[in-house]
Structures are given as structure tokens and as C-alpha cells.
Amino acid sequence: MAAPFFSTPFQPYVYQSPQDAFIAFQILGAEAQVVQIMLKPQEKVIAKPGSMCFMSGSIEMENVYLPENEVGMWQWLFGKSITSIVLQNPGPNDGFVGIAAPSLARILPIDLAIFGGEILCQPDAFLCSVNDVKVTNTADQRARNVIASAEGFLRQKLSGQGLAFILAGGSVVQKNLEVGEVLAVDVSCIAAVTTTVNVQIKYNSPVRKAVFGGDNLVTAVLTGPGIVFIQSLPFHRLSQRIARSVTSPNMRENPKFFIQIALFFFLAYVVIVSSLILTDI
């Protein structure tokens with residue numbers, strides 16, 4: 001059995017696979033966490049590119065394309081990597097690898113065997129895995145569930161009987177929904193949900209307003225039974241706040257910016273009018 005999702009820093013856990021193989025791991029840190037996984041000879045970890053933080057000298061790392069992870073055209077179109085890194089211990093002695101979260105995120109260990117072999121996650125939630133884990137990207141084909149953003153349209157599904165580590169931003173809350181129990185959650189705050197939960201999208205304002213963005217405009221209505229992991233600080237919300245705080249003061253303190261914009265439009269107008277006049281002549 002894997003660790004509970006609320007792993008405390010430096011707390012060691014032992015994962016037992018369906019084949020009775022034991023793998024020890026630790027989740028280190030509080031916010032930008034690192035998972036340290038112990039590898040016996042011939043054991044391996046599959047992780048997303050750029051996530052390796054440290055490893056023992058006996059570990060070999062290779063960047064490969066895994067056919068079983070169906071990334072395909074959708075992943076490539078949204079600018080995501082279609083390769084994975086494989087960290088394997090070929091030596092006679094035990095080794096270890098440290099896989100780090102790419103942002104201020106918590107690492108949640110998910111034993112897929114406990115969740116019925118499948119779980120749906122937010123895009124880019126997958127960090128690394130041990131044993132039998134398959135990563136696929138799925139899109140909800142129902143029109144009412146399609147949101148005008150990549151995060152709402154593209155979802156990540158983890159399947160198999162292995163141990164997966166996923167990412168969630170800020171604090172994480174686990175809700176166990178009973179049969180027929182309803183929970184409304186902001187769409188961006190859903191880190192992961194079991195496949196038994198029915199998800200319906202609700203617009204809190206007219207669609208024409210939701211298209212132009214805003215906060216809490218789209219809510220997911222979740223109906224049990226099942227389990228949902230809720231994150232308090234999605235990465236895109238954090239990045240938006242940082243971008244606003246960085247760009248807005250610069251614009252206010254630099255009046256030349258508005259003059260440059262006005263000059264640009266004026267020159268564009270002159271070029272267009274000149275081309276029309278020359279065309280008539």
C-alpha cells in the first residue's frame with residue numbers, strides 16, 4: 001500500500017506492488033517537494049523530462065519515447081514533450097533517485113490498485129511512476145463539458161496497477177464522496193478524481209462572458225461515489241498573479257509604453273491608407 005496523500009516531510013513509506021515487490025520512498029520538503037525513491041538492482045522509475053533532481057552513481061538515465069504512453073498528436077499540439085526519462089539501476093547494489101516538482105507543488109503518491117486501476121488528473125499532473133502505470137491524454141467529447149482552454153479540454157488519465165506520483169499546487173484536500181453526494185469545485189482546483197465520479201460543467205455566467213476569462217466562471221459539479229483531490233493554488237492561477245504583479249507596475253511607471261503603442265497604430269494606419277491611395281492611382 002502506498003502512502004496517504006498527505007505525506008509528512010521526511011516520512012518514509014514502503015510500496016508493495018501486486019507482485020509483492022517492495023519499494024521504499026520518501027517525500028521531502030513542504031511546498032516544492034521532492035520524492036526520493038529507493039531502487040533495487042534492475043528496478044526503474046519512469047519520469048517526465050526535466051524532473052530528475054539527484055541520483056546515486058549506479059543509476060543510469062535515458063530519454064526515450066514510450067509507445068505505451070499515448071501522448072500522440074494532442075500532446076504535441078499543446079507544446080508538451082512526447083518523451084519520458086527512464087531511471088534504472090543496473091548495478092548489483094541498491095540506489096536511489098530524487099524526482100522534484102517543477103513548481104511550488106505537493107507530490108501525491110497514488111496507488112492505482114486502490115483506485116480501481118484508473119484515475120483522472122489535471123494536465124501535466126503526472127510526475128513519475130513505478131511498475132505498471134500507463135499515461136494517456138483524454139478529451140471529453142461532450143460539448144457541454146468542453147472549456148475554452150487547454151486545461152479544461154485536455155485531461156490526463158493514469159491506468160494500471162502500479163504507483164504513480166502526481167502534482168498538486170498549494171494545500172491539498174481529499175474529499176470522499178458517498179453515492180449521490182454532490183460537490184461543486186472550481187474547475188482549475190481539481191487535481192485528480194476517480195473515474196467513478198460523474199463530472200458536469202456549470203457556467204456561472206453567460207458563455208459569452210466566460211470565453212473572455214475571469215475567476216470562478218466555470219464550476220465542476222461532482223457527483224459521487226468516488227474520491228476527489230482538490231488543490232488550493234493551481235499553477236496557472238499562480239502564474240497569472242505573478243504576471244499581473246510584474247507587468248502592471250511596469251506599465252504604470254513607464255508612460256513611454258503607451259506612447260509607443262499609439263505611435264505603432266498611427267504608423268500602421270498611415271501604411272494602410274498609403275497603400276490604398278497608391279492602389280487607386
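Trainee: In this predicted model, what is the order of the strands in the open sheet of three strands?

Mentor: The model is a predicted one, and in it three strands form an open sheet whose pairing is antiparallel. The twist from one strand to the next averages 25°. Read across the sheet, the order of the strands is 16-19-18.

Trainee: Why is one side of strand 16 and of strand 18 left without a neighbour in that sheet?

Mentor: Strand 16, which covers 182-186, and strand 18, which covers 198-203, stand at the edges of the sheet. One side of each is left without a neighbour there because each has a single partner strand.

Trainee: Which residue of strand 19 stands opposite Gln-200?

Mentor: Strand 18 runs antiparallel to strand 19, which spans residues 218-223, and six bridges join the two. Within strand 19, the residue that stands opposite Gln-200 is Val-221.

Trainee: How many of the five residues of strand 11 are buried?

Mentor: Buried here means under 20% relative accessible area. Strand 11, residues 126-130, is largely enclosed by the rest of the structure, because the buried residues number five of the five.

Trainee: Which residue in strand 11 is the bridge partner of Ile-46?

Mentor: Strand 4, made up of residues 44-47, pairs with strand 11 in the antiparallel sense over two bridges. In strand 11, the bridge partner of Ile-46 is Ser-129.

Trainee: And which residue in strand 14 stands opposite Phe-126?

Mentor: Strand 11 also pairs with strand 14, residues 163-169, in the antiparallel sense and over four bridges. In strand 14, the residue opposite Phe-126 is Ile-166.

Methods: Residues numbered from 1 in each chain as written. Predicted model: local features only at pLDDT ≥ 70, side-chain atom pairs only at ≥ 80, totals over all residues. Heavy atoms only, no water. Pairing = 2+ DSSP bridges. Axes fitted to C-alpha atoms, helices over the stretch in contact; angles between N-to-C directions. Buried < 20%, exposed > 50% of the residue type's maximum accessible area, 1.4 Å probe, protein only.
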